[in-house]
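Biologist: I've got a model open on my screen and I'm not sure how to read it. Can you walk me through some features?

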Amino acid sequence: MNTAETIPFKDVLLGHFEELLPSLSGDSKLRREAADYFREKGFPTKKWEDYKYVNPESILRKGLSFRNDKVRGVTENDLKEFTLVPNAATIILVNGKYVSHSKDLPKGVIIKDISDAIVSDDAAKKHYGKYALHSSDPFIALNTAMMNSGAFIHIDKNVKADRPVHIIHIANNEVSSFHQSRVLIVAEPGSEASVIESYESIGPVKTFTNALTEVYVGANAKLDHYRLQNEGEAGQQVNTSNAHVCGDALYNTYTFTLGGNFIRNNLNIVFSGKNGEAHLYGLYPMKNAQIVDNHTVVDHAVPNCMSNELYKGVIDGKASATFNGKIYVRPDAQKTNAFQTNRNILLSDDATINTKPQLEIYADDVKCSHGTSTGKVDEDAMFYLRARGIGEASARALLIRAFAGEVVEKVKIEELKNFIDKRIDEILK
């Protein structure tokens, strides 16, 4: 009998943590504090305001395995399929564990297994655990307590990386399993880089990935950060990304949910220096009974910063989507510009969208706005196209592509843009 059938999965996890702790690297005190927080809070339920439209606890109460022994090896064909940008430097993580990275790296870029880096690398030790606080969310706490591998990417000061770094996260199990995945990206002052994180899966067995990425964008640095979720229909994940943006820095983040059964995206950005800038783009084409929840927080903690947010959803079948976006403007954050837009198209009567854009403004010299819209495919535009001899299915596809294209066109890497276009066609055909 599966232990999780008789013992709550929360307690199973905490017992597993106690077994692992002596072998885990890094600060054991930090891990213990994180485990204690998780012990106190447990998994979020619908009673939590930030999780009112989704219920990860209902999935996780059934329990999952930690076994990794029944794993089909990742083949060359798998890696070829999962490689999205041929000239990128790649990092392979399987079930959250570091496997390998390209030997040929862009000049000034360092890649390490994060479990080694937090012990031996000064930059990793300086930034690890500083932007994703374990006391802010149970999933962050759980990852902080139990992380035993992952990726650390360091872009040196004033380095302009000549090609992207691509982290390929692979969920690969033949038993229903639970994984922790951890990434730390440090872009030192004056640097420029692009980092891609893509999530793939092998096999039909359900997996649950608790993914956490911390990002530091130093003064006058520029970082493009892409997250592509492309797991199969059994893939489930909570994906948290916390970014710290310094003065005169530019952080562009792109979240494309192109697969998976249950996806919760947490994106949190804090400005710590004047003239910081962030652009947040998201697209979630959905079908069948998918559940996707995008939860964003942008914290304008200092003056003269700018954020712009555009999220779009195309929802078909019995799929359910949520967008919950918050913008905070602190009392000292004068001259803030902050804009937030969420637009959705419902393609069936059974599709659902919950959207909740929010502003909390405590300064008076600001320009801030938010807006949301939900509807069906524009009937007037459909009539216009049909009147010109375009079939109904083709006309519908053209309008959906145009709607999604406003986000896709923001992608700066051509190979990624082509892949996303292809996946949208496959999802909504």
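Biologist: What volume does the largest pocket have?

Modeller: Keep in mind that this is a predicted model. Its largest pocket has a volume of about 490 Å³.

Biologist: Which residues should I click on to find the centre of the largest pocket?

Modeller: Try Ser136, Ile140, Asn242, Asn268 and Val297, which lie nearest the centre among the 25 lining residues. Helix H7 and strands S10, S12 and S14 each give two or more residues to that lining, and S12 gives the most, with five. By class, you'll find 11 nonpolar, seven polar and seven charged residues there.

Biologist: And how do I read the packing of H1 and H7?

Modeller: Two packed helices are described by the angle between their axes and the distance between the axes. Here, the axes of H1 and H7 come within 10 Å and cross at roughly 25°. Angles under 35 degrees count as roughly parallel, so H1 and H7 are roughly parallel to each other. Leu13, His16, Phe17 and Leu20 of H1 touch Leu142, Ala145 and Met146 of H7. That contact has six nonpolar residues, one polar and no charged.

Biologist: What about the sheet: which strands are at its edges?

Modeller: Strands of a sheet pair through backbone hydrogen bonds, either parallel or antiparallel. This open sheet has nine strands, in the order S3-S4-S6-S8-S10-S12-S14-S16-S18, with mixed pairing. S3 and S18 are the edge strands, each pairing on one side only. From one strand to the next, the twist averages 10°.

Biologist: How many bridges join S4 to S6?

Modeller: Six, and the two strands run parallel. Look for Ala151, which stands opposite Val183 in S6.

How values were computed:
Residues numbered from 1 in each chain as written. Predicted model: local features only at pLDDT ≥ 70, side-chain atom pairs only at ≥ 80, totals over all residues. Heavy atoms only, no water. 1 Å grid on protein atoms, 1.4 Å probe; cavity = no way out; pocket = protein on both sides within 12 Å on 5 of 7 lines; lining within 4 Å. Points joined across faces, edges and corners; volume = space filled by probe spheres on them. Helix = DSSP H or I, 4+ residues; strand = E, 2+ residues; numbered from the N terminus. Nonpolar A, V, L, I, M, F, W, Y, C, P; charged D, E, K, R; others polar. Axes fitted to C-alpha atoms, helices over the stretch in contact; angles between N-to-C directions. Parallel < 35°, antiparallel > 145°, perpendicular 65-115°, else oblique. Contact = heavy atoms within 4.5 Å. Pairing = 2+ DSSP bridges.
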